[in-house]
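Please open the structure in the viewer and keep the sequence beside it. The tour below proceeds by selections, each followed by an account of what is found there.

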Amino acid sequence: MAEISSELVYELLKRVHADIAELKFGQRGLKEEMNAMRGTIVSMHHDIHNIYSVLDRHDQRLERIENRLELRELAEAQARFEPHP
């Protein structure tokens, strides 16, 4: 069996240290990408919320228009049965 010297252990520790440094660098890049994705998702969430708000306003407006049309149709229908002088 080969003798384990302090130089060999030192070289192995340097390699492990370099590998860990690479992993940390890669992890930093992944964190940056995740933060960018998180920002994009938050932005999309706000956009979807705005779309729902606009749709809700349009829905309310459409309901008011439909109510006006129903009132007008009702008035026109009643006018047919009222006596004309």
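Select E11 to begin: with a relative accessible area of 40%, E11 counts as partly exposed. Under the terms used here, buried means under 20% relative accessible area, exposed means over 50%, and partly exposed lies in between, computed with a 1.4 Å probe and protein chains only. The model is predicted, so local features need pLDDT of at least 70 and side-chain atom pairs count only at pLDDT 80 or more, while totals for chains, interfaces and linings use all residues. Residues are numbered from 1 along each chain as its sequence is written, and side-chain values use heavy atoms, with hydrogens and water left out.

Add K14 to the selection. E11 forms a salt bridge with K14, and their closest N and O atoms are 3.4 Å apart. A salt bridge is defined as a side-chain nitrogen of Lys or Arg within 4 Å of a carboxyl oxygen of Asp or Glu. Side chains of opposite charge can pair when their charged atoms come close. E11 and K14 are three residues apart in helix 1, and therefore about one helical turn separates them. K14 is likewise partly exposed, at 40% relative accessibility.

How many salt bridges does a search of the whole structure find? The search finds two. For the other pair, select R72 and E76, whose side chains meet in a salt bridge at 3.1 Å, N to O. R72 and E76 are four residues apart in helix 1, again about one helical turn. E76 is partly exposed at 43% relative accessibility, whereas R72 is exposed at 56%.

Next, colour the chain by secondary structure. The protein chain has one helix and zero strands; helices (H or I, at least four residues) and strands (E, at least two) are DSSP runs, numbered from the N terminus. Helix 1 covers residues 6–81, and E70 has its place there.

Select A36, which is found in helix 1 and is partly exposed, with a relative accessible area of 45%. Draw a distance from A36 to H46: the two are ten residues apart along the chain, and their C-alpha atoms are separated by 15 Å. For a longer span of sequence, select Y10 and E66, which are 56 residues apart in sequence and 83 Å apart in space, C-alpha to C-alpha. E66 lies in helix 1 and is partly exposed, with a relative accessible area of 40%.

Keep E66 selected and add D56, D59, E63, E70 and E73: together these residues gather in a patch of negative charge on the surface. Patches are made of residues with over 30% relative accessible area and no salt bridge, like charges being joined within 9 Å and nonpolar side chains (Val, Leu, Ile, Met, Phe, Trp, Tyr) within 5 Å.

Now select I4, L8, V9, L12 and L13, which make a nonpolar surface patch of about 460 Å². Accessible areas come from the Shrake-Rupley method with a 1.4 Å probe, and for residues only the protein chains shown count as cover. Within this patch, L12 has its place in helix 1 and is partly exposed, with a relative accessible area of 43%.

Finally, show the whole chain. Along its principal axes, the C-alpha trace spans about 125 × 20 × 10 Å. The radius of gyration of the protein chain is 36 Å, where a compact globule of 85 residues would have one near 12 Å; this radius is taken over C-alpha atoms, and the globule rule is 2.2 Å times the number of residues to the power 0.38. Of the 85 residues, 0% count as buried.

Definitions and conventions: Lys and Arg count as positive and Asp and Glu as negative; His and the chain ends are not counted. The place of a charge is taken as NZ of Lys, CZ of Arg, CG of Asp or CD of Glu.
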